[in-house]
Amino acid sequence: MAENANVAQTQFQIELQLQNTTIDVEVNGKSIFGVNNPIVNIGGAAFPLPINPHIHNGENTVTITYSPSEGAGEDSSSFRARFEHVEKNTFPPLFADRLTAADISVPGPAELPFSYAPGDMAFLTGSTAPEFTDGQITFTLTARSDRPDALWFNGQTLQPDSETASAVLTQFQNAYGAIERGREAVLDTLGPHLAYQGGSIGLTAEQVADTHFAIYIDAARGFVRQPFDPSQSELVITGNGRLATLHPSPITFINDDTQQMATVRLFYWKDENGAWQVMH
């Protein structure tokens, strides 16, 4: 466990164990997986999910929405989610016997709809018992750390109107242009986005540009930039009213050999001076 809770040393994460379950996890109103992009699991899977960019000091609202994956019966669908923090760049065994801040299973024991075990870690505590409705669980976690909050948490509350839609469209157009100009323009325009992507896995923005984001700026990766087309995109306000995006994203790439599509998903917030900023 980290000595001090900050971005450089501590990874806040969710351990997920899925069985034939479609699941979405929102922290402070922002989906971990992206707008309308839940994880669909067939069979079984278990993995850790870093959430550093989504957690801030104080109370954090968590909402888990779930259902059996298509073709799976109710009896074959289940999941477990454990909220915790570990030292960065360490990889403790999944679901080993250790302290967590919240441990939720669906279904729970003795045919209960869910089970919940709160915990109190050094920097993260299960604050409230979950509220359960059909297919959705909501509860709060309290984070206590010297890690500075992501700036977007203090951004302006956005209105879902034409003015916001136009401003966000302009930001996406700027991002598209930066990708067209290459690596340095991407770092200049989308640096905070890349920094957020790398923050939970120990990479700098420059390293993310050369790895995860390289398919968009390195033609040798085989992905071809498609024309900028926002005709099917709609404005979505998320992050408890402080983040805005276009869904589906108008920035897409296609690999001609595999026909695989890659999409650049971006979120924007407005600072106290009214300037638009990008985040992951």
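This is a short walk through one helix, one hairpin and one small sheet in a predicted model.

Let me start with the helix. H1 covers residues 162-181. Does its length fit? What we can compare is the expected span and the end-to-end distance. At 1.5 Å a residue, its 20 residues should span 28 Å. The end C-alpha atoms lie 29 Å apart, so the two agree.

Which residues of H1 are buried? Thr164, Ala167, Val168, Gln171, Phe172 and Ala175 are. So are Tyr176, Gly177, Ala178 and Ile179. Keep the general rule in mind: an α-helix has 3.6 residues a turn, so residues three or four places apart point the same way. Just past the end of H1 comes Gly182, with a positive phi of about 115 degrees.

Next, the hairpin. Strand E14 is residues 234-238, and strand E15 is residues 243-247. They pair antiparallel, over five bridges. One of the partnerships is Thr238 with Leu243 in E15. Four residues sit between the two strands. Gly239, in that turn, has a positive phi of about 60 degrees. E15 is mostly covered, with four of its five residues buried.

Last, the sheet. Three strands make an open sheet, in the order E13-E16-E17, with antiparallel pairing. Which strands are at the edges? They are E13, residues 223-225, and E17, residues 261-263. Each of these pairs on one side only. From one strand to the next, the twist averages 30 degrees. E16, residues 252-255, is joined to E17 by three bridges. In that pairing, Ile254 has Met261 of E17 as its bridge partner.

Key
Residues are numbered from 1 along each chain as its sequence is written. This is a predicted model: local features need pLDDT of at least 70, side-chain atom pairs count only at pLDDT 80 or more; totals for chains, interfaces and linings use all residues. Side-chain values use heavy atoms; hydrogens and water are left out. Two strands pair if DSSP finds at least two bridges between them. Axes are lines fitted to C-alpha atoms, for helices over the stretch in contact, and angles run from 0 to 180 degrees between N-to-C directions. The expected span of a helix is 1.5 Å times one less than its number of residues. Buried means under 20% relative accessible area, exposed over 50%, partly exposed in between (1.4 Å probe, protein chains only).
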